[in-house]
Amino acid sequence: MTDIVAFQERLEAAGYIAEQSLAATLLLFAGLKRPLLVEGDAGVGKTEIAKALSNVFDCPLIRLQCYEGLDANSAVYEWNYQHQLLAIKIQETEGRTAEDKERHIFSERYLLKRPLLQAITMPESPVLLVDEIDRADEEFEAYLLEVLSDFQISIPELGTIKARSIPYVVLTSNATRELSDALRRRCLYHYVDYPSLDKELRIINRYLPQIGQELAGQVVQFMHSLRELDLRKRPGISETLDWVAALMRLNVKQLDRDAALIAQTLVCLLKTKEDRDAVTREVVQRLVANAV
Amino acid sequence: MNTLRAKNFAESPGGAGEELLVARIAGFVRLVHEHGFQVGVREEIDALKVARHCTVLDQQRLRWGLRSLLCGNVDEWQRFDQLFDAYWLSADRQTRVEYSPRAKLDQREPPVRPGHSGVVTEADRPQTGDAGDAGTSGARGGASRQEVMTGTDFRFLSDARQMREMERLVERLARRMRRRLLRRQRLARQGRRVHLRRTIRNSLRYGGTPLELIFKRRRRQLPRLILLLDVSRSMSLYSYLFLRFARGLLGAFRDSQAFIYHTRLVPVTEVLRERDIDKVKEKLAVISLGWSGGTRIGESIQRFNEQYARKILGSRSIVVMVSDGYDTGQPELLAEQLERIQRCARKIVWLNPLLGRDDYQPLAGGMQAALPFIDVFASAHSLVSLAALESQLAYL
């Protein structure tokens, strides 16, 4: 158990407050070197895990943001056409053979490395963050799966490039689409829930240490009861931090002092019209009364 | 799997403790597999690594480690602790028996009473979690049962287990549709090609050397589905299944929307997106509370046109109406409103589960009024007929 606690402390030093269970998973992840799939609602700190890990392992973070239509060219590699063409022009007057020229323009010098290729050609293991994998298409998911199991990429003109080091792969998903079973099976899995009272309090104190303990406690209570309402988009930790920053800016020391002011700051938390309508002034008052 | 387990025994450093550990881990992996977790030999080997890593005494750590290793989705994540406790914490290993056969749970459930109305009663039915991804007895049993069920009219499903199996299949079918549609389009695309004309045009700037290559690429376009589901009493045999189908479609087709109507129209997109199927049922039950009898298709669609159509209808939209066409409102109104939809949307598909019956003629007033505006009129009473929809969606 001691190594888990130690790892937890290292994460905290890197700016990430993790539960013991998450620390245990991450420790296992580092040991087994299998990719880690992190799921959870938006704003619970999935992406931050990868950043903290790169800090803890003291290695670079390579990020691949997924989107619909992401293809191998923007994720793996591309030839630098312009440079190749210029090189051909320059070589025109030199007396080299055609084969020689070809070998030259298809050398690594003209290869643009995109995140996946970059990640496996690093001398030391980097953290590779594949963000929002559910937004990419199925074909890309299948391709990624292949790269993650073989850790090699073949480029027709250059041959197969084998990994120099195996990266720590963290995938995140918001579950906008069902991921394939094959991908799920390849990965370790961790579900990140909304933070507990205690954890959220620690996070607030970590990022905004100037906050008074009274306000911090009230905010955390308020957020918890707010998340229990039936909202379209439940506010995550980043929203909490935004809100606290706004409150501090407005010199609010206690939530129950100025109801109108609090109502105005709710733009930090409620991001759809339906949610704004659902959280009426009475609801806010009730939540504040609960929190104080 | 058995031979491999034997090999593990042989390779292990020996000692009774080690053998016991291997057996216990293997047993646990088998247990979660029986409960529908997607685990195989690889996980079993890794599970052993985890166990060796953290000494069995360290129970909390073993739990966290195995949970990350063996779970693959939220559903499994939530069920894991219970399985873990049952297997590792009970002194008596016999408790396992109580847990494993899922079928026993099913027998305790009352059968679906026929002739039940709508969403409300469906939601009341006790559920032992989503039968969803778990599958009762692994892949072997499932395939044959599925075969039998593909052609069955949904109304002939008698007991709760069949019903849940069908719900699962229907949702899965919807999700698969997207995959196949994409594949079809990819074949049509024939890879990336250089757009010669634009490339040469651009090369003028560089004295005739084509420095900037312009590619042509067919933009991938999936239809946006707008589902309007009739949940009135006459549709009660089918409505819950269609809601599950809608849930699958919403998961697979981005920016699709679903509405249910009866005497009023209510958007249910967000409700259906909810991950937990039991919560979906609760919310649907709340929505449909206090609805009176009768079906007002025309008025419901009017409301759709007035309130939502402008925002969500477009050239990519396919409007899918699911109804038997029994309308207590004015047929003229329905015709008028459908015409309005036709003008804005790409296609109107009308699914009428009654069409699957041999003796059915679309004579109901509403149905008669609607026919001229419908591009695709199809039955949707069985899995086969739902699957046939795919080709209709492929050609926008």
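Residues count as buried under 20% relative accessible area, as exposed over 50%, and as partly exposed in between. The legends below apply these terms to a predicted model.

**Figure 1. A:Asp3 at the start of the views, a partly exposed residue in helix H1 of chain A.** Helix H1 of chain A, which spans residues 2–13, contains A:Asp3. The relative accessibility of A:Asp3 is 32%, so this residue is classed as partly exposed. Leaving aside residues up to four places away in sequence, A:Asp3 touches A:Leu27 and B:Arg61. The C-alpha atom of A:Asp3 is separated by 9.5 Å from that of A:Ala23, a residue 20 positions away along the chain.

**Figure 2. A:Ile133, a buried loop residue of chain A.** The loop that holds A:Ile133 runs between strand E5 (127–131) and H8 of chain A. A:Ile133 is buried because its relative accessible area is 0%, under the 20% limit. Although A:Ile133 and A:Cys66 are 67 residues apart along the chain, their C-alpha atoms are separated by 5.7 Å. A:Cys66 is also one of the residues that A:Ile133 touches beyond four places in sequence. The other partners in this set are A:Leu37, A:Leu144, A:Leu171, A:Thr172, A:Ser173, A:Arg177, A:Leu179 and A:Leu183.

**Figure 3. A:Asp58 and A:Phe151, two loop residues of chain A with positive phi.** Phi of A:Asp58 is near 55°, a positive value in a residue other than glycine. A:Asp58 is placed in the loop between helix H3 (46–56) and strand E2 (61–65) of chain A. With a relative accessibility of 66%, A:Asp58 is exposed. A:Phe151 is likewise not a glycine, and its phi is positive at about 50°. The loop of A:Phe151 joins helix H8 (138–150) to strand E6 (152–155) of chain A. A:Phe151 is buried, since its relative accessible area is 11%.

**Figure 4. The crossing of helices H11 and H15 in chain A.** Two packed helices are described by the angle between their axes and the distance between the axes. For helix H11 (residues 213–228) and helix H15 (residues 281–291) of chain A, the axes come within 8 Å and cross at roughly 130°. This angle makes H11(A) oblique to H15(A), and the crossing is right-handed. H11(A) contributes A:Gln218, A:Gln221, A:Phe222, A:Ser225 and A:Leu226 to the contact, while H15(A) contributes A:Val284, A:Leu287, A:Val288 and A:Ala291. By class, 6 of these contact residues are nonpolar and 3 are polar, with no charged residue present.

**Figure 5. The crossing of helices H12 and H14 in chain B.** Helix H12 covers residues 236–252 of chain B, and helix H14 covers residues 277–287 of chain B. Their axes come within 13 Å and cross at roughly 125°. H12(B) is therefore oblique to H14(B). The two helices cross in a right-handed sense. On the H12(B) side the contact involves B:Tyr240, B:Leu243, B:Arg244 and B:Arg247, and on the H14(B) side B:Ile277, B:Val280, B:Lys281 and B:Leu284. This contact has 5 nonpolar residues, 3 charged residues and no polar ones.

**Figure 6. Prediction confidence along chain B.** Chain B has an average pLDDT of 72, and 69% of its residues score at least 70. Within chain B, confidence is lowest in helix H1 (residues 2–11), where the mean is 37, and highest in strand E4 (residues 257–261), at 90. The pLDDT is below 50 over residues 1–14 of chain B, a stretch with 16 contacts in the model beyond near neighbours in sequence. Residues 187–191 of chain B also stay under 50, and for them the model has 5 contacts beyond four places in sequence. For the complex, the predictor gives an ipTM of 0.77 and a pTM of 0.65.

**Figure 7. The chains as the setting of the close-up views.** Chain A contains 15 helices and 9 strands. Of its 292 residues, 51% are buried. Among the contacts in chain A with a separation of 6 or more, 75% are between residues 24 or more positions apart. Chain B contains 19 helices and 8 strands. Buried residues account for 51% of the 396 residues of chain B. For chain B, 73% of the contacts between residues at least 6 apart in sequence join residues at least 24 apart.

Notes:
Residues numbered from 1 in each chain as written. Chains lettered and ligands numbered in written order. Predicted model: local features only at pLDDT ≥ 70, side-chain atom pairs only at ≥ 80, totals over all residues. Heavy atoms only, no water. Axes fitted to C-alpha atoms, helices over the stretch in contact; angles between N-to-C directions. Helix = DSSP H or I, 4+ residues; strand = E, 2+ residues; numbered from the N terminus. Parallel < 35°, antiparallel > 145°, perpendicular 65-115°, else oblique. Left-handed = near helix turned anticlockwise from the far one by under 90°. Contact = heavy atoms within 4.5 Å. Nonpolar A, V, L, I, M, F, W, Y, C, P; charged D, E, K, R; others polar. pLDDT = per-residue confidence, 0-100. Buried < 20%, exposed > 50% of the residue type's maximum accessible area, 1.4 Å probe, protein only.
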